[in-house]
Amino acid sequence: MKNFEYFAPETTEEAIRLLDEHGEAAKPLAGGTDLLIFMRDQKITPDVIVDLKGINALSGIEELPDGSVQFGSLTPMQDLAVHPMMRERYPHFISSIREVGSIQVRNLATVGGNICNASPAADTPPTLLTLNAQVRLAGPRGERVIPLREFFVGPGQTALERDEVLTHVILPSPQPRSGGCYIKLANRQAMDIAFVGVSSYVVLDEDHTVVDARIALGAVAPTPLRVDAAETILQGQQLTKEVLSEAGEAAEAASRPITDHRASVEYRRMMVKVLTRRAVLRAAEKARNGNGR
Amino acid sequence: MDAKRWIQLTVNGEEHEVYVEPRRRLLDVLREDLGLTGTKEGCGTGDCGACTVILDGRLVNACLVFAISANGKSVETVEGLATDHLHPIQEAFIQHGGLQCGICTPGFLMSAKHLLNSNPNPTLDEVRFGLAGNLCRCTGYTKIYEAVLAAAKNMREET
């Protein structure tokens, strides 16, 4: 591994100043579970590392006055996974986190890193998209809050400027009679990367008609992807077999997968259809039973 | 560029001062500077768990942590398990044949210790979940799970 200069700022302002000062040469370090491997393989060779883990303000979980939850981008995934309020309010987000790597990895890895690394196959972004998550970005020109939907640009490419830090993730309060589900298709149940990931979030009314449906896909496009066309099909409908099939087909049509050593285009597309159906159905079951938003 | 820095690590209760280049991983410093070669490098990419250690109470892959990021922290490695006799988890691995080539064993021992610290009476499924970040290419896992369940029982009976 190439050598580098190491900084461990204690405040976000200091981190931004360092990133600004060193420009292209600098790379922010979060959990390191992706970056260390890229550096080891010399795919990334920064001259300067700005380690964000020592910034206390970037860790922790808090409820905001409007009922939404904001957590620091550097909060280890494992801390979110065992947090009682997070488990109660956002169970399908927690189950998405538990699909990442292993306990060892989740103790280091952060959701901020998972988002900024912008792997199309990452496990937490599809579910965060279904929760209408927003991200708080801080830079030398001040702070901005944008929907996560607008954050992903391409594989490894995001709306984050070089001198900006993703400081927090904001999750709106879950609605009554809502349910969510994340299905990851992979060879193993731990330490694996998704062939296809489908996340769903469904809100029903008292007659079990769909009031709101959100579907997001992972590993089948250059970025994690919300599928508006499939969501519109479900809106205002009872979840019959026909409606579910139609939504699955719309998700398949929206997907743009590639063939690689994990799976082929054909298999991925077929699985998008099947898993979209399944994820919506499971989310709706949870919404009906009121046991998993 | 001499970016070397003095860092302080407490390893298995003993304090160490080490002069490190930032690029060196916790795994490198444990093995090369402190001579603690019990912690193994398998894949070096956080996939296999052979380098598992406990860092400030958290189970982590030592290949995914820069030593400099661990400055001031406390590390437990496999060398810290045995005192004047083997740890009950080590005894159980021997009793139940929970190892063959042995490369993965230190990592499994640390994951098992971490699991039993927080859950002294795990189910088989909980053992499997707790050890999911450790790969073994020899045993087929069954004997490892049996060893951990047996160790848990022995440790409960001891206390």
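This passage describes a predicted model, beginning with the build of chain B and then turning to chain A.

Chain B contains five helices and five strands. Read from the N terminus, these elements follow the order β-β-α-β-β-β-α-α-α-α. The radius of gyration of chain B is 16 Å, close to the 15 Å given by the globule rule for 159 residues, so chain B is as compact as a globular protein of that length. Along the principal axes, the C-alpha trace of chain B covers about 50 × 30 × 25 Å.

A few overall values help to fill in this picture. Of the 159 residues in chain B, 53% count as buried. When contacts between residues at least 6 apart in sequence are considered, 54% of those in chain B join residues at least 24 apart. The accessible surface of chain B amounts to about 7,300 Å², and carbon and sulfur atoms contribute 47% of that surface. Chain B also carries 15 positive and 20 negative charges, and the mean positions of these two sets lie 5 Å apart.

The domain assignment divides chain B into domain 1, residues 5-80, and domain 2, residues 88-158. Taken over C-alpha atoms, the centres of domain 1 and domain 2 of chain B are 22 Å apart. The two domains do touch: 14 residues of domain 1 of chain B are in contact with 12 residues of domain 2 of chain B.

Two helices of chain B are worth a walk-through, starting with α1. Helix α1 of chain B spans residues 26-33, and its buried residues are B:Leu26, B:Leu27, B:Asp28, B:Val29 and B:Leu30. An acidic side chain may catch the eye in that list, but B:Asp28 is indeed among the buried residues. The buried residues of α1(B) pack against four strands of chain B, namely β1 (5-11), β2 (14-20), β3 (52-55) and β5 (74-76). Just past the end of α1(B) comes B:Gly35, which adopts a positive phi of about 70 degrees.

Helix α2 of chain B runs over residues 88-95, with B:Pro88, B:Ile89, B:Gln90, B:Ala92 and B:Phe93 buried. The cover over the buried residues of α2(B) includes two other helices of chain B, α3 (105-118) and α5 (142-158). A glycine follows here as well: B:Gly97 comes after α2(B) and has a positive phi, near 60 degrees. As background to such lists of buried positions, an α-helix has 3.6 residues a turn, so residues three or four places apart point the same way.

In chain A, the domain assignment gives domain 1 (5-51), domain 2 (56-171) and domain 3 (178-289). The centres of domain 1 and domain 2 of chain A, taken over C-alpha atoms, are separated by 19 Å. At the meeting of these two domains, 13 residues of domain 1 of chain A contact 17 residues of domain 2 of chain A.

Two single residues of chain A round off the account. A:Thr209 sits in the loop that links β12 (196-204) to β13 (210-218) of chain A. A:Thr209 has a relative accessible area of 17%, and because buried means under 20%, A:Thr209 counts as buried. Leaving aside residues up to four places away in sequence, A:Thr209 touches A:Val203, A:Leu204, A:Gly236, A:Gln237 and A:Gln238. A:Glu242, by contrast, is exposed, with a relative accessible area of 57%. A:Glu242 belongs to helix α10 of chain A, residues 241-254. The C-alpha atom of A:Glu242 lies 31 Å from that of A:Leu148, a residue 94 places away along the chain.

Definitions and conventions. Residues numbered from 1 in each chain as written. Chains lettered and ligands numbered in written order. Predicted model: local features only at pLDDT ≥ 70, side-chain atom pairs only at ≥ 80, totals over all residues. Heavy atoms only, no water. Rg over C-alpha atoms; globule rule 2.2 N^0.38 Å. Buried < 20%, exposed > 50% of the residue type's maximum accessible area, 1.4 Å probe, protein only. Contact = heavy atoms within 4.5 Å. Areas by Shrake-Rupley, 256 points an atom, 1.4 Å probe, with all protein chains shown as cover. Lys, Arg positive; Asp, Glu negative; His and termini not counted. Charge placed at Lys NZ, Arg CZ, Asp CG, Glu CD. Domains from an automatic or database assignment.
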